[in-house]
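Colleague: I'd like a close look at one part of this model, chosen by you. Please start with the whole fold and then walk me slowly through the spot you pick.

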Amino acid sequence: MGIREELDFLSIDIDGEDFYAFSSLDVRPRLICVEVNAGHRPTDGTLVLRDIAARNIGQPLQCFVDAGVRLGYRLVCYTGNAFFLRNDVECVAEIPTLSAEAAYQQFRSEERRVGKECRSR
């Protein structure tokens, strides 16, 4: 039994090896969710050495965005997981493309908002 070529959703979570799985995909799901370590500067496009990344350090968000562009995907959300929508999926107006920096800022802003709500209870 093989994998259908037209997957709707793929989630990648391989603790430090996520980038390598994502950047070498040979299937084209409509939406991909991939774990991205929030500890990096989001706009850093320099890959961490693979043996270091594999220690659950991972790669910066910008590296994923660059790989996504090469694969025909665009970043649409970041929550600690990056969500990439295939370019040919019709909904550009409803789901805008985000830069790594904008996505990361939204994520941090939401973290702060939720933290304030939790502390006020």
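Modeller: Let's start with contacts, meaning heavy atoms within 4.5 Å: among those between residues at least 6 apart in sequence, 47% join residues at least 24 apart. This is a predicted model, where local features need pLDDT of at least 70 and side-chain atom pairs pLDDT 80 or more, while totals for chains, interfaces and linings use all residues. Residues are numbered from 1 along each chain as written, and side-chain values use heavy atoms, without hydrogens or water.

The protein has 4 helices and 4 strands (DSSP runs numbered from the N terminus: H or I of at least four residues, E of at least two). Reading along the sequence, you meet them as β-α-β-α-α-β-β-α. There are 121 residues, and 40% of them count as buried (under 20% relative accessible area; exposed is over 50%, partly exposed in between; 1.4 Å probe, protein chains only).

The part I'd like to show you is Gln59, which sits in the loop between helix 2 and helix 3 (61-71). Is Gln59 buried or exposed? Gln59 is buried, because its relative accessible area is 1%. For a contrast, look at Leu49, which belongs to the loop between strand 2 (31-35) and helix 2 (50-57). Leu49 is exposed, because its relative accessible area is 57%.

Now follow the side chain of Gln59. One polar contact (N or O atoms within 3.5 Å, one able to donate a hydrogen and the other to accept it) joins it to the side chain of Tyr20 at 3.0 Å. The Gln59 side chain also reaches the backbone nitrogen of Val48, at 2.6 Å. Leaving out residues up to four places away in sequence, Gln59 touches Phe19, Tyr20, Val36, His40, Thr46, Leu47, Val48, Ala53 and Phe64.

Among those neighbours, Phe64 takes us further, as Phe84 touches Phe64 too. Other residues that Phe84 touches include Phe22, Val34, Val65 and Leu75. Phe84 is also one of the residues with the most contacts inside the largest nonpolar core, which has 23 residues. Others with the most contacts there include Phe22, Val34, Leu61 and Tyr78. (A core joins buried Ala, Val, Leu, Ile, Met, Phe, Trp, Tyr and Cys through side-chain atoms within 4.5 Å.) Elements that give two or more residues to this core include helix 1 (18-23), strand 2 and helix 4 (100-119). Helix 3 supplies the largest share, 5 residues. A second, separate core has 6 residues, among them Cys33, Val76, Leu85 and Val89.
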